[in-house]
Amino acid sequence: MDHATEHSPSGPPVAARRPVTTTHHGVEISDDYAWLRDPGYPAVTDKAVLAHLEAENAWFEARMKPHRPLVDALFGEMRARIKEADRSVPQKDGDWLYWIEFEEGAEYKKWWRRPVGAPDDGSADELILDEPALAEGKPYFRVGALSVSQDGTKLAFSIDDNGSERFTVRVKDLATGAMLPDEIPGTLSALVWVAGDTGLIYSLANEQWRTDNARLHWLGRPLADDVELYHEDDEGFRVGSSLSADEKWVVIGSSDHETSEVRLVPADDPLAGPLLVRERAKGVEYDVDVHGETLFVHANDTHENFRLATAPLARPGDWTTLIAGSDGFYLTGFELFRDFYVVEGRRGGLDTIEVRYYDDPARVEPIAFPEESYSAALGNNPEFATGVLRLSYESMVSPSTVYDYHVAERRLDVRKVQEIPSGYDATLYRTERLEIAARDGTPIPVSIVYRADRPQAGPLHLYGYGAYGIAIPPGFSTSRLSLVDRGFAYAIAHVRGGDDLGRAWYKAGKLERRTNAFNDFVDVAKGLIGRGYTRAGQISISGGSAGGELMGAVINSDPALWGAVVAHVPFVDVLNTMLDPTLPLTPGEWPEWGNPIEDKAAFDLIRSYSPYDNVRAQDYPPLLVTAGLNDPRVTYWEPAKWVARLRALKTDDNELLLKTNMGAGHGGKSGRFESLEEAAEEFAFILWQMGMAGTDAESGAA
C-alpha cells in the first residue's frame, strides 16, 4: 500500500471564514463555514470546496505516514482473521439451493445456485451474479436489492457504483446469461416480482432522496409505461414494498420514524385498487403479513413495546390481540410460515426467538441458546412451507454461527461456525454484562470483552450509538481483536435512544430527552473508571452517523475523559440540517430530533447540544473524523465544517484529522478488504494517540 504524497503539507489546512447569518425565532446565528456546502449538491464541483477537502486528505496522509507500518501490521492481522475463500450455507428456495461465495483475494462475492438434488461437486452449479466482474474498474460498488423471479428464470438486481445510494436496476435471463434491455435508474428499494413474473414493483428516489412512491414496471416495456401504484404526499414519509409470506400479496408500507400506514395489493393483479389496512394515526407504527384469510399485525397502538394482533382480510382494521404488549417483553417482529409462526423480541435486552402455533395460541416454544449474553436472529428463510429455520448467532466471545433449528424436534443443528484462519481461542477472553448508573439513577447496560490476562485499569475502547431505536447487539468482531489483544477492554454502552431495553428506552433518548444519550455515555465511562476497568485519559471512543453526533457532544462536555476519538460520518451540524427542509433526510427526521423551524423549544434544545454549534475555546482530545463525498445521509460538509471550527477554536495541539472518501458514501469503502484498511487506520490512530504505537503494538502483543 503506497500512500506517499508528492508534496507533504507543512501544516493543517485552515478554512476561510465567510460568515453567513440567519435568524430563527428572533435568534441570530452566524455560520463561518457554510460555504463548504457546494451549491450544486449532490454534484460537488466547487473548486474551493474540493481543494479544501483534498488539503485535509493530504494532511491526513502526511500525519499518518510515519504510522503506515502500524496500519499495515493491523491490516495484515485483520485480513489474516478472514477466511478469504469462503461460502455461505446453501439455502433451499423452491427448486434451487442458493449460496454466496468469496474467492481468494476477492473484494466482492459471487452468487451461485444449483438444482435441489443435484450433486455438490460443482457440475450443476450456476453463477447467477458475478460481483467482481461487475465491480471491475469501479472505485465503489454495492449491490442493493436482489430478487429471483418466482419461476427461477430471471434475476433482478440493483447497483450503486458511487456511494450515492441511487441504484440502477437490471434484469438478467438466468438461462442465457444475457441482460434484458430493462434498466431502471434512480431506485432506492427492494425489488418485488408480481405473480407471473411479468413485472417488478420498485420505488424511485426523488430529488430529496426520498422514496415517495411504489411503481410497477412491466418487463420488456419502456419506463414511460410504468405505473405508479401509490404516491405518498407527506414529505416526511418513505414508501417501501415487500411480498407477503404466502406470496399472494404485495405489501406497500409508508412511514416516518413514529407513524406508519400499510396497503395490500394482490400480487396476481397489481393494478387492482389497494386495500388500506388502517389509516395512519400519529405515533402508531404497524406492519403486517398474511396467512390465508387472516392478517397478522405487529403494532404499538396499545403498548409501546408492541402487540401482535390478527384481523380478517375482509375487515383489515379490526384488530384482535393475539400477543399482548408488555413491559417485560419487547416484541420486535414476527415471521409467518405455513404451519407455525415465529416471534422475535428482547427480554431484559437479550434476544428471544419463540415458535408459536396457529391452532394452539398457548403453545410457546422458546429457542434456547448456550450463553448468557449473545445476539441471535432469524436468518434467511424464504420458504413458506418449511419445518427448519435458519438462525444466526454470536456473542462477544463466540464467532458468528449459522444454525438450522428443526421445529418438530426442537433441535439446533450447527451448520457453520465462522472460521478464523490465523487462529482464535475463546478461552483467552472474558465477556461481561454490567449495569452502570447514569446521573439520574437509571441503570445503563454495558457489554464488555477483554483478555483474561489483561491488567486492571488498562486502556479501554467505548463504543456507542443511541438513536433511532437501533439496538447495538453484543456481537462478535474479528477486527476488534486487534485492540483487545493489545490489552484493551472493548465496551458497548447501550445508551438510551437505542431500543436495547424496549421502546421506552428509545423514547428516553429522543426529542426533548435527547441529551440522556450523551449523559449516559459519559456516565458509563466514569462508572468503568470507578470500577477499575480503566482510568481517565485511557479511554478511546468511537461512533458513526448519529453515533458521531454522540462523539461530538461528549468531547464538548467532557474532553479530558478521552484519550482518542474517532467520529465516522458524524451527524454534527444538527441545527442547520434540521432547519433545512430541502435536504434529503430533514422532514423525515423531525419526529426523531424535533422541528426547529416551527417549534422554538426544539430550536433551543437542538442549539444547546448540536456539536458544531457548541464547539468552544477549550482543549479537545485527539480526533479522527471521516466523511463521504457522496454521502446522502450525513452530507460531507457536516464533518468538514465541524473540523474547520474545531481547528479555529480549540486551545490544544492534539491531532485533528479529516479523511473524506472522494468516491464513497455513508458506509465508506465498499470492498471487504478496502473497508478493513479503514478499520486499520482507525485503530492505528487510537494506538498512536494512546502512546501504544511501538513494537509491541505493531506485533499485537497483549
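## Strands that pair

Two strands count as paired if DSSP finds at least two bridges between them. Keep that rule in mind for this predicted model.

Take β14 and β15. Strand β14 covers residues 213-218, and four bridges join it to β15. The two run antiparallel. One bridge can be picked out by its residues: R215 has E228 of β15 as its partner.

## An open sheet of four strands

β14 and β15 belong to an open sheet. Its four strands come in the order β12-β13-β14-β15, with antiparallel pairing. Which strands lie at the edges? They are β12, residues 192-193, and β15, residues 227-231. Each of these edge strands pairs on one side only.

## β34 and its two partners

Now move along the chain to β34, residues 460-463. Four bridges tie β34 to β35, residues 489-493, and the two strands run parallel. Here L462 has A491 of β35 as its bridge partner.

β34 also pairs with β36, residues 539-544. That pairing is parallel too, again over four bridges. Look for H461: the residue opposite it in β36 is S540.

## A buried helix

Is helix α9 largely enclosed or largely open? Count its residues. Helix α9 spans residues 586-593, and eight of the eight are buried, so the rest of the structure largely encloses this helix. Buried here means under 20% relative accessible area. The residues are T586, P587, G588, E589, W590, P591, E592 and W593.

What covers them? The cover includes four helices: α5 (503-507), α7 (546-557), α8 (574-578) and α10 (600-609). Just after α9 comes G594. The phi angle of G594 is positive, near 105 degrees.

## Two helices that cross

Helix α7, part of the cover over α9, also packs against α6, residues 515-530. The angle between α6 and α7 is about 65 degrees, and their axes are 10 Å apart. That angle makes the two helices roughly perpendicular. The crossing of α6 past α7 is right-handed.

Which residues make the contact? On α6 they are A517, F518, F521 and V522. On α7 they are E549, L550, M551, A553, V554 and S557. By class, the contact has eight nonpolar residues, one polar and one charged.

The spacing of such residues has a general background. An α-helix has 3.6 residues a turn, so residues three or four places apart point the same way.

Methods:
Residues are numbered from 1 along each chain as its sequence is written. This is a predicted model: local features need pLDDT of at least 70, side-chain atom pairs count only at pLDDT 80 or more; totals for chains, interfaces and linings use all residues. Side-chain values use heavy atoms; hydrogens and water are left out. Buried means under 20% relative accessible area, exposed over 50%, partly exposed in between (1.4 Å probe, protein chains only). Contact means heavy atoms within 4.5 Å. Axes are lines fitted to C-alpha atoms, for helices over the stretch in contact, and angles run from 0 to 180 degrees between N-to-C directions. Angles under 35 degrees count as roughly parallel, over 145 as roughly antiparallel, 65 to 115 as roughly perpendicular and the rest as oblique. A crossing is left-handed if the near helix is turned anticlockwise from the far one by less than a right angle, and right-handed if clockwise. Ala, Val, Leu, Ile, Met, Phe, Trp, Tyr, Cys and Pro count as nonpolar, Asp, Glu, Lys and Arg as charged, and the others, Gly among them, as polar.
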